[in-house]
Amino acid sequence: MTLHQAKLDILEAGRRLYDRGYIVSSDGNISARFDEGRLIVTPSGLCKGNLSVEDLCVCDMEGRKISGLRSPSSEIGMHLFLYRERPDIKAVVHAHPPTATGFSVAGMPLTDCVLPEVVITLGSIPTAKYGTPGGPEISEPIRKFVKDYDAFLLENHGATTVGSDVMNAYFKMETLEHFARILFVARQLGGANVLNQEQVDKLLRIRERLGIRGPDPACAVGDAPSGPDTSESEIPTLRTRSASNPAGDPPPPEDDLITEITRQVTHELRTKIQ
């Protein structure tokens with residue numbers, strides 16, 4: 001990731017967050033680590049929906065400003081904490097998407113296994129205990145989640161996602177909020193149709209083959225199914241670069257996950273019909 005591209009991606013992510021209503025006024029913050037010693041971060045006190053390149057700050061890994069006309073985000077400490085805890089993180093997005101934030105205010109984590117693409121890409125989405133924004137208190141509750149999760153709610157304070165680049169982290173925020181909206185509507189309609197353990201296990205095998213990090217999602221599952229089972233051998237094998245298969249082919253980009261899931265579900269249905 002070049003410095004210029006990282007800046008452009010931050011501006012684009014900020015516009016999308018604002019246009020979608022995930023942030024208002026001067027809410028939210030975005031950063032990108034573009035080398036081992038420097039990161040770009042959005043400024044404090046400005047709307048992230050209409051920033052210019054000149055508004056962005058370049059800081060070192062201690063949070064000291066290297067260049068930029070503005071002051072860096074007051075929550076830069078949380079970003080630095082995440083980068084230190086996980087060297088693979090290259091970008092952080094913090095926002096207040098309304099439905100997901102409503103779950104965080106209600107103290108309800110997004111842990112129901114209801115959407116296959118969410119189980120695969122994010123697993124479950126835990127809630128970190130409340131910490132005062134702008135200081136070290138906000139980071140400590142995240143510590144037990146950061147190693148294993150790429151998305152988490154912050155109690156009474158929105159959500160944070162991390163990724164391999166800015167847009168990767170941003171799209172995880174989209175997925176998180178989309179999931180929250182669907183789950184909210186399902187509960188308003190009488191309850192969510194939660195996937196059972198067998199169905200979740202099959203998704204986890206796909207997750208593993210795609211090389212996506214994280215533990216098995218600690219999500220609520222439904223009752224066991226009735227009807228024919230589909231054996232593991234009937235799920236197409238995907239070779240990935242992972243700890244268990246370091247020589248495998250690179251995993252497909254996350255943008256292709258929905259296509260891949262659809263293909264595998266169609267394969268299963270055709271097998272049952274035959």
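Is His-94 buried or exposed, and what is its relative accessible area? His-94 is buried, with a relative accessible area of 0%. The views below start from the whole predicted model and then move in on His-94 and other sites.

**View 1. The whole predicted model has eight helices and eight strands.** The protein holds 274 residues, and buried residues make up 48% of them. About 13,000 Å² is exposed. Carbon and sulfur atoms supply 51% of that area. Contacts often span the sequence: of those with a separation of 6 or more, 68% join residues 24 or more positions apart.

**View 2. Confidence varies along the chain, with an average pLDDT of 82.** A score of at least 70 is reached by 77% of the residues. Among the elements, strand β5 has the highest mean pLDDT, 98. Helix α8, residues 257-273, has the lowest, 47. The pLDDT is below 50 over residues 224-255. In the model, this stretch still has 55 contacts beyond near neighbours in sequence. Residues 265-274 also have a pLDDT below 50. Here the model shows eight contacts beyond near neighbours in sequence.

**View 3. His-94 sits in strand β5, residues 91-95.** Its relative accessible area is 0%, under the 20% cut-off, so His-94 counts as buried. Two histidines meet its side chain. The side chain of His-96 makes a polar contact with that of His-94 at 3.3 Å. The side chain of His-157 also makes a polar contact with the His-94 side chain, at 3.3 Å. His-157 is also listed among the contacts of His-94 when neighbours within four places in sequence are left aside. The others in that set are Gly-28, Asn-29, Glu-75, Met-78, Leu-154, Ala-159, Thr-160 and Met-173.

**View 4. Strand β1 pairs with both β5 and β2.** Six of the seven residues in β1 are buried, so the strand is mostly covered. β1 and β5 run antiparallel and are joined by four bridges. On this side, Ile-30 of the pair stands opposite Val-93 in β5. β1 also pairs with β2, residues 38-41, in the antiparallel sense over four bridges. Here Asp-35 stands opposite Arg-38 in β2. The link from β1 to β2 is a hairpin through two residues.

**View 5. Ser-104 lies in helix α3 and is buried.** Its relative accessibility is 0%. Within the chain, a polar atom of the Ser-104 side chain lies 2.8 Å from the backbone oxygen of Thr-101. Which residues does Ser-104 touch, not counting those up to four places away in sequence? They are Leu-153, Leu-154, Glu-155, Asn-156, His-157 and Gly-158. Leu-154 is 50 residues from Ser-104 in sequence. In space, the two C-alpha atoms are 6.3 Å apart. Leu-154 and His-157 are also among the contacts of His-94.

**View 6. Thr-161 is a buried residue of strand β8.** The strand covers residues 159-163. Thr-161 has a relative accessible area of 0%. What does its side chain reach at 2.8 Å? The partner is the backbone oxygen of Ala-169. Leaving aside neighbours within four places in sequence, Thr-161 is in contact with Ala-91, Val-92 and Val-93, among others. Asp-150 and Ala-151 are also in that set. So are Ala-169, Lys-172, Met-173 and Leu-176. Met-173 is also in contact with His-94.

**View 7. The largest nonpolar core has 37 residues.** In soluble globular proteins, nonpolar side chains tend to be buried together. In this core, Leu-17, Leu-110, Leu-153, Leu-176 and Phe-179 touch the most other members. Several elements give two or more residues to the core: α1 (3-19), β1 (29-35), β5, α3 (98-105), β7 (151-154) and α6 (166-188). Which element gives the most? It is α6, with nine residues. A second, separate core has 22 residues. Tyr-83, Phe-145, Val-146 and Val-162 are included in this second core.

Note on methods: Residues numbered from 1 in each chain as written. Predicted model: local features only at pLDDT ≥ 70, side-chain atom pairs only at ≥ 80, totals over all residues. Heavy atoms only, no water. Buried < 20%, exposed > 50% of the residue type's maximum accessible area, 1.4 Å probe, protein only. Polar contact = N/O pair within 3.5 Å; in protein donor to acceptor, adjacent residues only side chain to side chain. Contact = heavy atoms within 4.5 Å. Core = buried A, V, L, I, M, F, W, Y, C linked by side-chain atoms within 4.5 Å. pLDDT = per-residue confidence, 0-100. Pairing = 2+ DSSP bridges. Areas by Shrake-Rupley, 256 points an atom, 1.4 Å probe, with all protein chains shown as cover.
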